[in-house]
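Reader: Please take one part of this chain, the nonpolar core and the helices that build it, and go through it closely. Then set it against the rest of the chain.

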Amino acid sequence: MTLNDAYDYIDLMIDKANQPYFINTEKDIFLNLSITEFLNKRYALMRVNQDYSEMIGNRASLNQGTSGYTVIGNYVELIDYYHITTAILNGVECRIVSDDEMSELRLSNNPYKSVNANNPICAVTKQPTGDVRLYFQNSGPNSSTIDFTASDTFGVRYLRHLTVSQWTEIPEHYQHDILNVVVRKLTANIESTNYTVQANEEQQ
């Protein structure tokens, strides 16, 4: 289904007498909201559903020289990032933790929570600029995040942040699910009391 087909479907589903008309840029806003809602509810299926994995999954086996990704010092910048599912450092799968937990583990002397080459961790942080950075740690306590060398390799598996721009990459059976969310949101917007009050005020 093309994006124009999706626009026509939306028009058909909300076509009622005296209903407002939504231009395509307005439909795009609701499509983006609905894609995000769909991903929020369904991303757990990525590991078990091939279609879903192919739609939103992104794999990258990286090192310092990999094109398309920024590797600076002790972090990796991810593109189109939505949610990380797997991270591997030098062939060992990392435990994914929060930024705060990473800071705590770096200072901890607890042997049951030790961070080392056999028990690495990684954390994702979002910068004020909007950039998403992936930090790795494989030593401790009181050590800093790893400073990558040319020999370090890491793999990441993460979900992409999809928007209406990637509409044709979404399998058609999922497109229909998303469009049903769009119609629900548009209908709720039209039929809400706020919209009715605004429409009455404009007629007065």
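Author: What follows starts with the whole chain, moves to the core and its helices, and ends with the strands.

The model is predicted. Its chain has 204 residues, and 38% of them count as buried. Six helices and nine strands make up its secondary structure elements. Among contacts with a separation of 6 or more, 70% join residues 24 or more positions apart. The chain exposes about 11,600 Å², of which 47% comes from carbon and sulfur atoms.

In soluble globular proteins, nonpolar side chains tend to be buried together. In this chain the largest nonpolar core has 21 residues, and Leu 31 and Trp 167 are the two that touch the most other members. Three helices each supply at least two residues of this core: H1 (3–13), H2 (24–42) and H5. The helix that gives the most is H5, with seven residues.

The contacts of Leu 31 are a convenient way into this part. With neighbours within four places in sequence left aside, Leu 31 is in contact with Leu 3, Tyr 7 and Ile 10, and also with Val 164, Trp 167, Ile 178, Leu 179 and Val 182. Leu 31 also takes part in the meeting of H1 and H2, where Leu 3, Tyr 7, Ile 10 and Asp 11 of H1 face Asn 24, Lys 27, Asp 28 and Leu 31 of H2. The axes of these two helices come within 11 Å and cross at roughly 90 degrees. H1 is therefore roughly perpendicular to H2, since angles of 65 to 115 degrees are classed that way.

Lys 27 belongs to helix H2. With a relative accessible area of 1%, Lys 27 is buried, because the limit for that class is under 20%. Beyond its neighbours within four places, Lys 27 is in contact with Tyr 7, Ile 10, Asp 11, Tyr 21 and Phe 22. Its C-alpha atom is separated by 8.3 Å from that of Val 182, although the two residues are 155 residues apart along the chain.

Between H1 and H2 runs a loop that holds Ile 23. Ile 23 counts as partly exposed, at 43% relative accessibility. From Ile 23 to Tyr 7 there are 16 residues in sequence and 9.0 Å in space, C-alpha to C-alpha.

On the H5 side, Gln 175 deserves a look. Its helix, H5, covers residues 172–191. Gln 175 has a polar side chain atom 3.2 Å from the backbone oxygen of Ile 170. Gln 175 counts as buried, at 1% relative accessibility. If residues up to four places away in sequence are not counted, Gln 175 touches Met 1, Trp 167, Thr 168 and Ile 170. Trp 167, one of these partners, is also one of the two residues that touch the most other members of the largest core.

Now the rest of the chain. Apart from the largest core, another one of twelve residues includes Val 76, Ile 84, Leu 134 and Phe 136. Three of these residues, Ile 84, Leu 134 and Phe 136, are among those that Cys 122 touches. Cys 122 sits in strand E7 and is buried, with a relative accessible area of 0%. Other residues that Cys 122 touches, not counting those up to four places away in sequence, include Ala 87, Cys 94, Arg 95, Ile 96, Val 97, Met 102 and Tyr 135. Cys 122 is 33 residues from Leu 89 in sequence, and their C-alpha atoms are 8.9 Å apart.

Strand E7 spans residues 121–126 and also holds Thr 125. Thr 125 counts as buried at 11% relative accessibility. With neighbours within four places left aside, its contacts are Asp 99, Asp 131, Val 132, Arg 133 and Tyr 135. Asp 99 is 26 residues from Thr 125 along the chain, with 6.6 Å between the C-alpha atoms.

Finally, Asn 90 lies in the loop between strand E4 (81–89) and strand E5 (92–93). Its phi is near 50 degrees, a positive value in a residue other than glycine. Asn 90 is partly exposed, with a relative accessible area of 36%.

Terms used: Residues are numbered from 1 along each chain as its sequence is written. This is a predicted model: local features need pLDDT of at least 70, side-chain atom pairs count only at pLDDT 80 or more; totals for chains, interfaces and linings use all residues. Side-chain values use heavy atoms; hydrogens and water are left out. Helices (H or I, at least four residues) and strands (E, at least two) are DSSP runs, numbered from the N terminus. Buried means under 20% relative accessible area, exposed over 50%, partly exposed in between (1.4 Å probe, protein chains only). Contact means heavy atoms within 4.5 Å. Accessible areas come from the Shrake-Rupley method with a 1.4 Å probe; for residues, only the protein chains shown count as cover. A polar contact is a pair of N or O atoms within 3.5 Å; within protein, one must be able to donate a hydrogen and the other to accept it, and residues adjacent in sequence count only if both atoms are side-chain atoms. A nonpolar core is a set of buried Ala, Val, Leu, Ile, Met, Phe, Trp, Tyr and Cys residues joined through side-chain atoms within 4.5 Å. Axes are lines fitted to C-alpha atoms, for helices over the stretch in contact, and angles run from 0 to 180 degrees between N-to-C directions. Angles under 35 degrees count as roughly parallel, over 145 as roughly antiparallel, 65 to 115 as roughly perpendicular and the rest as oblique.
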